[in-house]
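The following paragraphs lead through a single protein model, from its charged side-chain pairs to its strand pairing and its nonpolar core. Please keep the sequence and the coordinates at hand while reading.

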Amino acid sequence: MPSTKRKASAITSCVLNYANGDVYTGGLEDGEHHGRGVLKYASGKVLECEWKEGTPACKVVLKYDNGDVYEGQYEDDAPHGRGIMKFVGGSVYEGEFKSGKYNGTGKYTWSNGTVYDGEYVDGNCNGKGKYTWSNGTVYE
């Protein structure tokens with residue numbers, strides 16, 4: 001007996017304009033973002049990634065309206081997991097994120113060359129770590 005299961009409806013490219021001003025350009029499957037796509041938020045933030053069933057499925061590139069750029073894992077509309085945040089002023093954080101905040105181990109390098117490499121909790125240096133100032137002074 002032949003299968004009566006229907007194949008999911010897929011659209012490889014479309015543009016969706018949401019009432020809140022957000023715009024999605026990319027693939028759809030069963031009404032959900034699916035495949036390569038770009039979501040431009042009304043706030044100016046831009047999220048580029050592969051989507052699966054409406055959720056970012058791999059590493060994302062998130063461009064903020066102020067020029068900052070995040071590349072890494074993403075969950076529940078925020079950086080979550082391993083990633084790199086590059087700030088418009090030249091500073092860089094590379095490490096772990098939880099719900100959009102530095103959490104776990106990471107390395108923050110200020111634009112002047114000062115570095116903190118260590119543990120973070122809720123976005124703040126906390127626990128074991130090492131500061132190295134641009135003049136070579138080290139504090140552990």
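A salt bridge is taken here as a side-chain nitrogen of Lys or Arg within 4 Å of a carboxyl oxygen of Asp or Glu. The model is a predicted one, in which local features need pLDDT of at least 70 and side-chain atom pairs count only at pLDDT 80 or more, while totals for chains, interfaces and linings use all residues. Residues are numbered from 1 along each chain as its sequence is written, and side-chain values use heavy atoms, with hydrogens and water left out.

Under the salt-bridge criterion, three such pairs are counted. One of them joins Lys63 to Glu48, with the closest N and O atoms 3.1 Å apart. Because Lys63 belongs to strand 6 (residues 60-63) and Glu48 to strand 4 (residues 46-52), this pair ties together parts that are 15 residues apart in sequence. Strands, here and below, are DSSP runs of E with at least two residues, numbered from the N terminus. Lys63 is partly exposed at 35% relative accessibility; in this scheme, buried means under 20% relative accessible area, exposed means over 50%, and partly exposed lies in between, with a 1.4 Å probe and protein chains only.

The salt bridge between Lys59 and Glu71 has an N to O distance of 3.8 Å. Lys59 sits in the loop between strand 5 (55-56) and strand 6, whereas Glu71 is in strand 7 (residues 69-75), and the pair links distant parts of the chain, 12 residues apart. Glu71 also forms a salt bridge with Lys86, again described by closest N and O atoms 3.8 Å apart. Since Glu71 lies in strand 7 and Lys86 in strand 8 (residues 78-86), the pair connects parts of the chain separated by 15 residues in sequence. Lys59, Glu71 and Lys86 are thus linked in a network of salt bridges. Within this network, Lys59 is exposed, with a relative accessible area of 53%, Glu71 is partly exposed at 26%, and Lys86 is partly exposed at 40%.

The strands that carry these residues are also paired through the backbone. Two strands are said to pair if DSSP finds at least two bridges between them. Strand 6 and strand 7 run antiparallel and are joined by four bridges, with Val69 of strand 7 as the bridge partner of Lys63. Five residues lie between the strands of this hairpin, and Gly67 takes a positive phi near 105 degrees there. Strand 7 in turn pairs with strand 8 in the antiparallel sense over six bridges, and Glu71 stands opposite Ile84 in strand 8. The hairpin of strand 7 and strand 8 has two residues between the strands, and Asp76 in this hairpin has a positive phi near 50 degrees.

Further along the chain, strand 11 and strand 12 (residues 124-132) form an antiparallel pair over six bridges, in which Gly118 is placed opposite Gly129. Their hairpin has two residues between the strands, and Asp122 in the turn has a positive phi of about 50 degrees. Strand 12 is joined to strand 13 (residues 138-139) by two antiparallel bridges, and Tyr131 has Tyr139 as its bridge partner.

Which residues touch the most other members of the largest nonpolar core? In this core of 19 residues, they are Leu47 and Tyr93. A nonpolar core is a set of buried Ala, Val, Leu, Ile, Met, Phe, Trp, Tyr and Cys residues joined through side-chain atoms within 4.5 Å. Strand 4 gives the most to this core, with three residues. Contacts of Leu47, beyond residues up to four places away in sequence, include Val38, Pro56, Val61 and Tyr74, where contact means heavy atoms within 4.5 Å. In soluble globular proteins, nonpolar side chains tend to be buried together.

His33, in strand 3 (residues 32-40), is buried at 11% relative accessibility. Its side chain makes a polar contact of 2.9 Å with that of Tyr18; a polar contact is a pair of N or O atoms within 3.5 Å, where within protein one must be able to donate a hydrogen and the other to accept it, and residues adjacent in sequence count only if both atoms are side-chain atoms. Among the other residues that His33 touches are Leu16, Tyr24 and Trp51.
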